[in-house]
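Please open the model in your viewer and keep the sequence panel beside it. The stops below say what to select next and what is to be found there.

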Amino acid sequence: MGAKYVHFTSNETIEGVQWPREPQTGGVPLVCDASSDILSRPIDIEKYGLIYAGAQKNIGPSGVTVVIIKRDWIEPRGDLPTMLAYATHAKERSLYNTPNTFGIYMIGLVCEWIESLGGLEGMARRSAEKASLIYDAIDASDFYRGFAEKESRSQMNVTFRLPDEELERKFAAQSEKAGLIGLKGHRSVGGLRASIYNALEPESVRVLVDFMREFERENG
Ligand SMILES: Cc1ncc(COP(=O)(O)O)c(C=O)c1O
């Protein structure tokens, strides 16, 4: 095929779709925007030339981006400003400028927490369990409709629709009153979206599922 790399986004947050496994590229290295599902499951690092991920979803506070790059992809580039070249940051061990020390400290704590839960294998089990609690509730009802194709369902952002937009508005308002914040879908697609990143405890997902059942009983 002749391509140097294939870029993909492992999880997409608006429509709630995720690659269940890496795309097959016949050996062409992958470049991945893993911002929204990094550290939620193990990945086969050998397949990647470069992974980049904003920290703000699963890693820690905003303001840090993690880049994992194959050593032989790091080359000095005369055509880029010094600060924008990965070679600069690799050579200086990410201390070319003063980094976001507080953010990095927090990320250290998050990594310890992930290890205490069984590392990435543990996070994968936990993510799958949390997501299936909601998807099972969706699939068991005629009232809720999953937005994404089943094979591409995201384990980070569960998107669903109700029978009409009026009910969706009501769901968003009542859930917020019940302390379930941020369930309104992205403005470009509407509907509802439960973002269940690593930081969200399984117990919070159970509260949402109870709310969904109750809402259906009252409005279905
Ligand atoms: C996969 C992915 N890439 C990039 C972004 C954007 O990140 P930032 O706001 O740091 O540019 C997001 C977040 O919304 C995302 O989900």
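## A helix to start from

Select helix α4, residues 165-177 (helices are DSSP runs of H or I with at least four residues, strands are runs of E with at least two, and both are numbered from the N terminus): its 13 residues, at 1.5 Å a residue, should span 18 Å, and its end C-alpha atoms are 18 Å apart, which agrees. The expected span used here is 1.5 Å times one less than the number of residues in the helix. Just after α4, pick G179, which takes a positive phi of about 90 degrees.

Before going further, note that this is a predicted model, in which local features need pLDDT of at least 70 and side-chain atom pairs count only at pLDDT 80 or more, whereas totals for chains, interfaces and linings use all residues. Residues are numbered from 1 along each chain as its sequence is written.

## The whole chain

Zoom out to the full protein, whose secondary structure comes to five helices and nine strands. Taken along the principal axes, the C-alpha atoms fill a box of roughly 65 × 45 × 35 Å.

Now colour residues 6-116 as domain 1 and residues 120-219 as domain 2, with bounds that come from an automatic or database domain assignment. The C-alpha centres of domain 1 and domain 2 lie 27 Å apart. Their contact takes 17 residues from domain 1 and 22 residues from domain 2, two residues being in contact if their C-beta atoms, placed from the backbone, lie within 7 Å. On the side of domain 1 that touches domain 2, the residues divide into six nonpolar, seven polar and four charged; Ala, Val, Leu, Ile, Met, Phe, Trp, Tyr, Cys and Pro count as nonpolar, Asp, Glu, Lys and Arg as charged, and the others, Gly among them, as polar.

## The four-stranded sheet

Select β1, β4, β5 and β6, which form an open sheet in the order β1-β4-β5-β6 with mixed pairing, where two strands pair if DSSP finds at least two bridges between them. β1 and β6 (65-69) stand at the edges, each with a single partner strand, so one side of each is left without a neighbour in the sheet. Neighbouring strands of this sheet are turned by 10 degrees against each other on average, direction ignored; such angles are taken between N-to-C directions of lines fitted to C-alpha atoms, run from 0 to 180 degrees, and for helices use the stretch in contact.

Within this sheet, β1 (residues 6-9) pairs with β4 (residues 30-33) in the parallel sense over four bridges, and the bridge partner of F8 in β4 is C32. β4 also pairs with β5 (residues 48-54), in the parallel sense and over four bridges. Here L30 stands opposite Y48 in β5, while C32 stands opposite I51 in β5.

## The ligand

Which residues are around the ligand? Select T9, T13, D33, S35, S36 and G54, a residue being near a molecule if its C-beta atom, placed from the backbone, lies within 6 Å of it. This shell divides into no nonpolar, five polar and one charged residue.

## The three-stranded sheet

Finally, select β7, β8 and β9, an open sheet in the order β7-β8-β9 with antiparallel pairing. β7 (145-146) and β9 (192-195) stand at the edges, each with a single partner strand, so one side of each is left without a neighbour in the sheet. Strand β8 (residues 157-161) pairs with β9 over four bridges in the antiparallel sense, and V158 has A194 as its bridge partner in β9. Add helix α3 (residues 119-139), which packs on the sheet, touching β7, β8 and β9, and whose direction makes about 15 degrees with that of β8.
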